Amino acid sequence: MKKRLLISLALVMTITLSACNGNNDRNGISQQEQQSESNRELVEFPENYDKGVNYTTVHRGNVREELYTSREAIEEVQNGQPIPDGTIITLEIYRDEELGEIFVMEKRAGWADENPTEMRNGDWLYQEFNGDKSVDYKEEIGRCFTCHANQERDDFVNTMDEMKSFDLGEFTGSKDGSTASRTAGIPTEHWEVKAVDDKLEDSQDILHGNSLMEEEKAGIIQKVLLMVHFK
C-alpha cells in the first residue's frame, strides 16, 4: 500500500512540475503576445487618411499597394529631418482591385517603451485593419516589427526613398491623377453661372424652373477651370 502511495505521489509531483514548467513557457510567450496585442489598440483607424499624400504605388502581381502619409512628414523628410512625432503611414492593399487590408503604422513619443526590447522599432506601433475598417485580429502584429526592423537607418520605414523623391508640387489631395483633379482644390461654392445674351444688357442666370441644377453648375464650372488650366 505504501509503495503504491509513494508511486502515486511521485506521479502527481511529476505531472505538477511538468504543468508548471509548461505554463511558465506559455506565460512567457503569452505575456509578450498580450503586450503587443494590447499596444496595437493604441493605433486607431486614421479617418480621412486618403486626403493626405498618396506618395507611392507598388505593384506585386495581382496586388496593388497605395501608401499615404501627411504632407508635413514628407516635407520634413525632404528637408533632411526625422519623421515627426504623430506621423501616420497608411498602406492600402488591393488584390485583384478589391481592397482587402489597410495597414497602419503610427509614431508617437514614448511608444518605444510600450513593447519588449526585442519588439521595438523606435516609437512606431502597428495595426492591421480589414477593408471595412474593422481590426484584423487574425494578423500577427509581431510580423510587422520583424518586417520593418531591417530599416532602422530609415526610421523603420520601407518606403523612405519614395517619400524623399515625391514631388509635392503635384500633390492635389486626390487619388485621381487626371488633369481634372488639379482643379479640385479651387473653391467654387460662391460662383454664379450666367449666360450672356447679346440682345440683353445684362447676363441672366441659367435656370431650370426657378433654380440652377447643381450638377449642371458643377459641370460648367469644371469645364471653365479646365479651359483655364490648358491655356
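The numbered points below comment on the fold, the aromatic pairs, the largest pocket and two individual residues of this predicted model.

1. Overall architecture. The protein contains five helices and seven strands, and these elements follow one another along the sequence in the pattern α-β-β-α-β-β-β-α-α-β-β-α. Of the 231 residues in the protein, 33% are buried. Among contacts with a separation of 6 or more, 55% join residues that stand 24 or more positions apart.

2. Aromatic pairs, beginning with Tyr 49 and Tyr 68. Searching the whole structure gives five aromatic pairs. In one of them, the ring centres of Tyr 49 and Tyr 68 are 5.4 Å apart and the ring planes stand at 80 degrees, so this pair is edge-to-face. Because Tyr 49 belongs to the loop between helix H1 (2-40) and strand S1 (53-60), while Tyr 68 belongs to strand S2 (residues 63-69), the pair ties together parts that are 19 residues apart in sequence. Both Tyr 49 and Tyr 68 are buried.

3. The pair of Phe 103 and Tyr 126. Here the ring centres are 5.8 Å apart and the planes of Phe 103 and Tyr 126 lie at 15 degrees, so the pair is stacked; planes under 30 degrees apart are counted in that class. Phe 103 is in strand S4 (residues 98-107) and Tyr 126 is in strand S5 (residues 124-130), so the pair ties together parts that are 23 residues apart in sequence. Phe 103 and Tyr 126 are both buried.

4. The ring cluster and a charge over a ring. Phe 45, Tyr 49, Tyr 68 and Phe 129 are linked by ring pairs into a cluster, and the edge-to-face pair of Tyr 49 and Tyr 68 described above joins two of these residues. As a further aromatic feature, Arg 64 places its charged end over the ring of Tyr 94, at 4.2 Å from the ring centre.

5. The largest pocket. This pocket holds about 440 Å³ of space. Its lining comprises 21 residues, of which Leu 91, Phe 103, Cys 147, His 148 and Asn 158 are the closest to the centre. The elements that contribute two or more residues to the lining are S1, S2, strand S3 (88-95), S4 and helix H3 (142-149), and H3 supplies the largest share, namely four residues. By residue type, the lining of this pocket divides into 11 nonpolar, three polar and seven charged residues. Phe 103 thus appears both in the stacked pair with Tyr 126 and among the lining residues closest to the pocket centre.

6. Gln 127. This residue lies in strand S5, and with a relative accessible area of 0% Gln 127 is buried. Leaving aside residues up to four places away in sequence, Gln 127 touches Arg 40, Glu 41, Val 43, Ile 102, Phe 103, Val 104, Val 135 and Ile 141. The list includes Phe 103, whose ring is stacked with that of Tyr 126.

7. Phe 171. The position of Phe 171 is in the loop between helix H4 (160-165) and strand S6 (194-195). Its relative accessibility is 23%, so Phe 171 counts as partly exposed, since buried would require a value under 20%. When residues up to four places away in sequence are not counted, Phe 171 touches Lys 51, Gly 52, Val 53, Arg 71 and Phe 166. Arg 71, one of these partners, is 100 residues from Phe 171 in sequence, although the two are 8.8 Å apart in space from C-alpha to C-alpha.

Conventions. Residues numbered from 1 in each chain as written. Predicted model: local features only at pLDDT ≥ 70, side-chain atom pairs only at ≥ 80, totals over all residues. Heavy atoms only, no water. Phe/Tyr/Trp six-rings, centres within 6.5 Å; stacked < 30°, edge-to-face > 60°. Buried < 20%, exposed > 50% of the residue type's maximum accessible area, 1.4 Å probe, protein only. Lys NZ or Arg CZ within 6 Å of the ring centre and 35° of its normal. 1 Å grid on protein atoms, 1.4 Å probe; cavity = no way out; pocket = protein on both sides within 12 Å on 5 of 7 lines; lining within 4 Å. Points joined across faces, edges and corners; volume = space filled by probe spheres on them. Nonpolar A, V, L, I, M, F, W, Y, C, P; charged D, E, K, R; others polar. Contact = heavy atoms within 4.5 Å.
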